[in-house]
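Me: I'd like to go through this model with you, one topic at a time. Please spell out the cut-offs as you go.

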Amino acid sequence: RYPGPLYTYDRPGLQNMGKGEIRRGTGVIIYAIGLAELMGASPIVLVGADLAYPDNRSHATGVNKVDETFDCMTEVPSFSGRPIASDVYFRANIEEISDAIKGGVSIIQTSEAGAYIPGARHGRLVDVL
């Protein structure tokens, strides 16, 4: 019900109230990183963004089962260095986050069960806090 201008993936020309353009990408996580950038956050800490399917699960233990089809599956390096199940969309997010890091964005990945993001600092959330 927000009456003001909206910024969505299908309106790339819309400016962000004079604060610059928000980072765009293949997933919501890229928009979230872009919003954090515009707000001046540094480092940006990723919490619960595993970008993979740890133990072949799409959601955390306790979340109601969601019927999903796992097409376009692939493997990526995990936080621990071993291969982990992911998909091509998450892989694209990993690449876009790595590109943001190369451009100067400081990112900390805290999902110990998740994907390794090249260029990011990887640490346990308890240690980051």
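Reply: To start with a term: buried means under 20% relative accessible area, exposed means over 50%, and partly exposed is what lies in between, with a 1.4 Å probe and protein chains only. This is a predicted model, in which local features need pLDDT of at least 70 and side-chain atom pairs count only at pLDDT 80 or more, while totals for chains, interfaces and linings use all residues. Residues are numbered from 1 along each chain as its sequence is written, and side-chain values use heavy atoms, with hydrogens and water left out.

Me: Which residues of α2 are exposed, and which are buried?
Reply: N93, I94, I97, S98, A100 and I101 are buried in α2, and they cover an arc of only 155° around the axis, which puts them on the same side of the helix; the arc is that of the directions from the helix axis to the C-beta atoms. Y89 and K102 are exposed on the other side of α2. Helices (H or I, at least four residues) and strands (E, at least two) are DSSP runs, numbered from the N terminus.

Me: What covers the buried residues of α2?
Reply: The cover includes α1 (28-38), β1, β2 and β4 (107-109), where contact means heavy atoms within 4.5 Å.

Me: And what happens at the ends of α2?
Reply: At the N-terminal end, D87 acts as a cap, with a side-chain oxygen 3.0 Å from the backbone nitrogen of Y89. Such a polar contact is a pair of N or O atoms within 3.5 Å; within protein, one must be able to donate a hydrogen and the other to accept it, and residues adjacent in sequence count only if both atoms are side-chain atoms. Just after α2, G104 takes a positive phi of about 110°.

Me: Switching to aromatics, how many pairs are there?
Reply: A search of the whole structure finds 1 aromatic pair. The ring centres of Y53 and F90 are 5.4 Å apart and their planes are at 40°, so the pair is tilted; rings of Phe, Tyr and Trp (its six-membered ring) pair if their centres lie within 6.5 Å, with planes under 30 degrees apart counted as stacked, over 60 as edge-to-face and the rest as tilted.

Me: Where do the two rings lie?
Reply: Y53 is in the loop between β1 (44-46) and β2 (73-77), whereas F90 is in helix α2 (residues 88-102), so the pair ties together parts that are 37 residues apart in sequence. Y53 counts as buried at 9% relative accessibility, while F90 is partly exposed, with a relative accessible area of 22%.

Me: Which residues have the most contacts inside the largest nonpolar core?
Reply: They are I29, I33, L46, I97 and I107, in a core of 20 residues, and the elements giving two or more residues to this core are α1, β1 and α2. A nonpolar core is a set of buried Ala, Val, Leu, Ile, Met, Phe, Trp, Tyr and Cys residues joined through side-chain atoms within 4.5 Å. Leaving aside neighbours within four places in sequence, I107 has contacts that include I33, I44, L46, I97 and I101.

Me: Last one: is T110 buried or exposed?
Reply: T110 counts as buried, at 8% relative accessibility, and its place is in the loop between β4 and β5 (121-122). A polar atom of the T110 side chain lies 2.5 Å from the backbone oxygen of L46.
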